[in-house]
Amino acid sequence: MSNLNLSDVPTEELVDRFSENGVAQDQALLHDNIEGFTRLYWQMDAINEELKSRGEEARLALLKLYGHPNMQVRLAAAVRTLAVATAAAKHELEAVKDSRHFPQAGDAASTLSSLAEGRFKPT
């Protein structure tokens with residue numbers, strides 16, 4: 001994906017790729033593949049930055065990933081929509097936390113705590 005110009009990719013396809021990368025990230029976690037997880041993180045970050053450049057409506061397209069069967073996808077979508085859909089994103093993070101599906105439940109709890117304490121400021 002690094003050679004692909006994301007500005008040429010339709011928003012819906014970016015959301016689909018974000019979801020696919022989240023599922024792949026989950027698999028990387030399960031197999032202790034930190035390098036693969038990190039590579040996928042940066043790909044998802046690039047997608048998020050492209051969505052940001054398109055405005056709030058494009059960023060809100062990630063909301064369709066709330067409730068996704070994969071907890072990593074849900075976590076990543078919620079974190080990246082905190083700035084544009086704060087209440088909904090917090091609700092999704094609470095749902096991931098309450099699922100007790102680790103490590104994502106722990107990450108969701110940590111994110112919520114960091115938000116409450118002001119250590120994390122979504123952009």
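In this predicted model, helix 5 and helix 6 pack at an angle of about 140°, and their axes lie 7 Å apart. Two packed helices are described by exactly these two quantities, the angle between their axes and the distance between the axes. An angle counts as roughly antiparallel if it is over 145 degrees, and helix 5 and helix 6 are therefore oblique to each other. Their crossing is left-handed. On the side of helix 5, the contact is formed by Lys 90, Leu 93, Glu 94, Val 96, Lys 97 and Ser 99, which meet Gln 104, Ala 105, Ala 108, Ala 109, Thr 111, Leu 112 and Leu 115 of helix 6. Sorted by class, the residues of this contact comprise seven nonpolar, three polar and three charged.

The chain between these two helices deserves attention. Pro 103 is placed in the loop between helix 5 (86–99) and helix 6. The peptide bond that joins Phe 102 and Pro 103 is cis, with an omega of about 15°.

Helix 5 also has a second partner. Helix 4 and helix 5 pack at an angle of about 150°, with 9 Å between their axes. This angle makes helix 4 roughly antiparallel to helix 5, because angles over 145 degrees count as roughly antiparallel. Helix 4 passes helix 5 in a left-handed crossing. Helix 4 contributes Met 71, Arg 74, Leu 75, Ala 78 and Val 79 to the contact, while helix 5 contributes Ala 89, Glu 92, Leu 93, Ala 95, Val 96 and Ser 99. The contact of helix 4 with helix 5 has eight nonpolar residues, one polar residue and two charged residues. Leu 93, Val 96 and Ser 99 of helix 5 take part in this contact and also meet residues of helix 6.

The description now turns to the beginning of the chain. Helix 1 (residues 11–30) packs with helix 2 (residues 34–53) at an angle of about 160°, and their axes are 9 Å apart. Helix 1 is thereby made roughly antiparallel to helix 2. Here, too, the crossing is left-handed as helix 1 passes helix 2. From helix 1, the residues Thr 11, Leu 14, Arg 17, Phe 18, Asn 21, Gly 22, Ala 24, Gln 25, Ala 28 and Leu 29 meet a set in helix 2 that consists of Gly 36, Phe 37, Leu 40, Tyr 41, Gln 43, Met 44, Ile 47, Glu 50 and Leu 51. The residues of this contact divide into 11 nonpolar, six polar and two charged.

The loop between helix 1 and helix 2 contains Asp 32. The phi angle of Asp 32 is near 50°, a positive value in a residue other than glycine.

Finally, the reader may consider the largest pocket, which has a volume of about 390 Å³. Which helices supply at least two residues each to its lining? They are helix 1, helix 2, helix 4 (71–80) and helix 6 (104–117). Helix 2 gives the most, with six residues. In total, 22 residues line the largest pocket, and those nearest its centre are Tyr 41, Ala 76, Val 79, Arg 80 and Phe 120. Two of these residues have already appeared: Tyr 41 belongs to the contact of helix 1 with helix 2, and Val 79 to the contact of helix 4 with helix 5. By class, the lining of the largest pocket is made up of 10 nonpolar, five polar and seven charged residues.

How values were computed: Residues are numbered from 1 along each chain as its sequence is written. This is a predicted model: local features need pLDDT of at least 70, side-chain atom pairs count only at pLDDT 80 or more; totals for chains, interfaces and linings use all residues. Side-chain values use heavy atoms; hydrogens and water are left out. Axes are lines fitted to C-alpha atoms, for helices over the stretch in contact, and angles run from 0 to 180 degrees between N-to-C directions. Helices (H or I, at least four residues) and strands (E, at least two) are DSSP runs, numbered from the N terminus. Angles under 35 degrees count as roughly parallel, over 145 as roughly antiparallel, 65 to 115 as roughly perpendicular and the rest as oblique. A crossing is left-handed if the near helix is turned anticlockwise from the far one by less than a right angle, and right-handed if clockwise. Contact means heavy atoms within 4.5 Å. Ala, Val, Leu, Ile, Met, Phe, Trp, Tyr, Cys and Pro count as nonpolar, Asp, Glu, Lys and Arg as charged, and the others, Gly among them, as polar. On a 1 Å grid over the protein atoms alone, a cavity is a set of points where a 1.4 Å probe fits but cannot get out, and a pocket is an open set with protein on both sides within 12 Å along at least five of seven lines; lining residues have an atom within 4 Å of a point. Grid points are joined across faces, edges and corners, and a volume is the space filled by probe spheres set on the points.
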